[in-house]
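Me: I would like a close look at a single part of the structure shown below, followed by an account of its surroundings. Please keep to what can be read from the coordinates.

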Amino acid sequence: MILFPAIDLKDGKCVRLLRGDMARATVFNDSPAAQAKVFANAGCEWLHLVDLNGAVEGHPVNRAAVEDILKEVTVPTQLGGGIRTIESIAQWIEAGVQRVILGTIAVKEPGLVKAACKQWPGKIAVGIDARDGIVAVDGWTRQSTVRALDLALRFEDAGVATIIYTDIDRDGAMGGVNVDATVTLAQHLTTPVIASGGVSSLDDLRELRPNEEFGIVGAIVGRALYDGRVTVPDAIRVLKGE
């Protein structure tokens with residue numbers, strides 16, 4: 001499994017939210033690029049970037065911060081948040097983002113996601129963020145009526161590189177990963193799944209690790225890395241099964 005350290009961007013800074021609440025942001029680094037360098041120097045293989053303002057506003061907002069990260073590190077990055085047009089996808093891929101995450105648009109315009117998968121094979125991920133199994137959209141500010149599994153199944157044959165599944169009620173809350181829901185999703189799909197939301201310790205990663213056989217290929221870790229409860233090298237060792 002691959003570790004994806006999370007860099008969440010709000011107003012140009014690296015923050016963590018509690019359960020997706022923009023009003024409950026903790027700033028961990030004024031320089032997202034410096035934070036990216038810390039993770040890269042610690043040995044991570046990927047970075048997970050989210051433009052939080054962009055997710056709410058529906059278009060990229062923290063472009064300068066993302067571009068600074070891309071200049072600072074050579075580690076591959078995946079980026080989500082407010083990317084809702086083919087033009088925006090193209091701009092980010094041309095800028096050097098390895099994988100673009102489409103969330104809200106996957107609910108509202110699944111045809112756009114499928115077209116993007118054809119145009120950029122292996123470079124499109126679908127982000128499924130759910131409360132009680134129901135997908136949230138627009139930076140988690142609105143609930144849809146779509147079940148997480150139903151949304152994932154829509155893209156089974158589209159060529160999506162990975163599904164990123166986040167349990168919103170666990171995100172930033174340090175309560176552990178929703179392993180059952182993530183495994184259930186992965187078992188119904190051929191598309192690989194990345195687990196997100198709630199990692200608070202190495203034990204959470206140890207619990208997740210045996211489920212690689214069901215198609216869970218990685219885990220996103222945020223607050224636990226910033227709080228020092230988990231280090232990048234230790235997380236990598238656990239996820240590699242060492």
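In which strand is T162 found? Please describe its environment, and then continue to other buried positions and to the helices.

Reply: The model is a predicted one. Within it, T162 is found in strand β10, which comprises residues 162-167.

The relative accessible area of T162 is 2%, and the residue is therefore buried, the cut-off being under 20%. Its side chain has a polar partner: one of its polar atoms lies 3.1 Å from the backbone oxygen of P192. P192 also appears among the residues in contact with T162 once neighbours within four places in sequence are left aside; the others are R99, I124, A125, V126, T191, V193, I194 and V217.

Another strand, β4 (residues 47-51), holds two further buried residues with polar side-chain contacts. The first to consider is D51, which is located in β4. With a relative accessibility of 2%, D51 counts as buried. Its side chain reaches the backbone nitrogen of V61 at 2.7 Å. Beyond residues up to four places away in sequence, D51 touches L9, P60, V61, N62, L79, G80 and G81. For N62, the separation from D51 is 11 residues in sequence, while the C-alpha to C-alpha distance is 5.9 Å.

H48 is likewise placed in β4. Its relative accessibility is 8%, so H48 counts as buried. The side chains of H48 and Q78 are joined by a polar contact of 2.9 Å. With residues up to four places away in sequence not counted, H48 touches F4, P5, A6, I7, Q78, I101, I164 and I220. One of these, I164, belongs to the range of β10, the strand in which T162 is found.

Turning to the helices, the interior side of α8 (residues 179-187) consists of the buried residues V179, T182, V183, L185 and A186. These residues cover an arc of only 160° around the axis, which means that they are on the same side of α8. They pack against α7 (148-154), β10, β11 (193-196), α9 (202-208) and β12 (216-221). Strand β10 thus links this helix to the starting point, since T162 is found in β10 and β10 is among the elements packed against the buried residues of α8.

A helix-helix pair is also of interest. Two packed helices are described by the angle between their axes and the distance between the axes. For α3 (residues 63-72) and α4 (residues 86-95), the axes come within 11 Å and cross at roughly 30°. Because angles under 35 degrees count as roughly parallel, α3 is roughly parallel to α4. R63, V66, E67 and L70 of α3 make the contact with Q91, W92 and A95 of α4. By class, this contact has four nonpolar, one polar and two charged residues.

The buried residues of α4 are S88, I89, A90, W92 and I93. Their cover includes α3, β5 (77-80), β6 (99-102), α6 (110-119) and β7 (124-131). After α4 comes G96, with a positive phi near 115°.

Positive phi values also occur in residues other than glycine. D11 has a phi of about 55° and lies in the loop between β1 (2-10) and β2 (13-18). Its relative accessibility of 55% makes D11 an exposed residue. D132 has a phi near 50° and is placed in the loop between β7 and β8 (134-137). At 74% relative accessibility, D132 counts as exposed.

Key. Residues are numbered from 1 along each chain as its sequence is written. This is a predicted model: local features need pLDDT of at least 70, side-chain atom pairs count only at pLDDT 80 or more; totals for chains, interfaces and linings use all residues. Side-chain values use heavy atoms; hydrogens and water are left out. Helices (H or I, at least four residues) and strands (E, at least two) are DSSP runs, numbered from the N terminus. Buried means under 20% relative accessible area, exposed over 50%, partly exposed in between (1.4 Å probe, protein chains only). A polar contact is a pair of N or O atoms within 3.5 Å; within protein, one must be able to donate a hydrogen and the other to accept it, and residues adjacent in sequence count only if both atoms are side-chain atoms. Contact means heavy atoms within 4.5 Å. Axes are lines fitted to C-alpha atoms, for helices over the stretch in contact, and angles run from 0 to 180 degrees between N-to-C directions. Angles under 35 degrees count as roughly parallel, over 145 as roughly antiparallel, 65 to 115 as roughly perpendicular and the rest as oblique. Ala, Val, Leu, Ile, Met, Phe, Trp, Tyr, Cys and Pro count as nonpolar, Asp, Glu, Lys and Arg as charged, and the others, Gly among them, as polar. The arc is that of the directions from the helix axis to the C-beta atoms.
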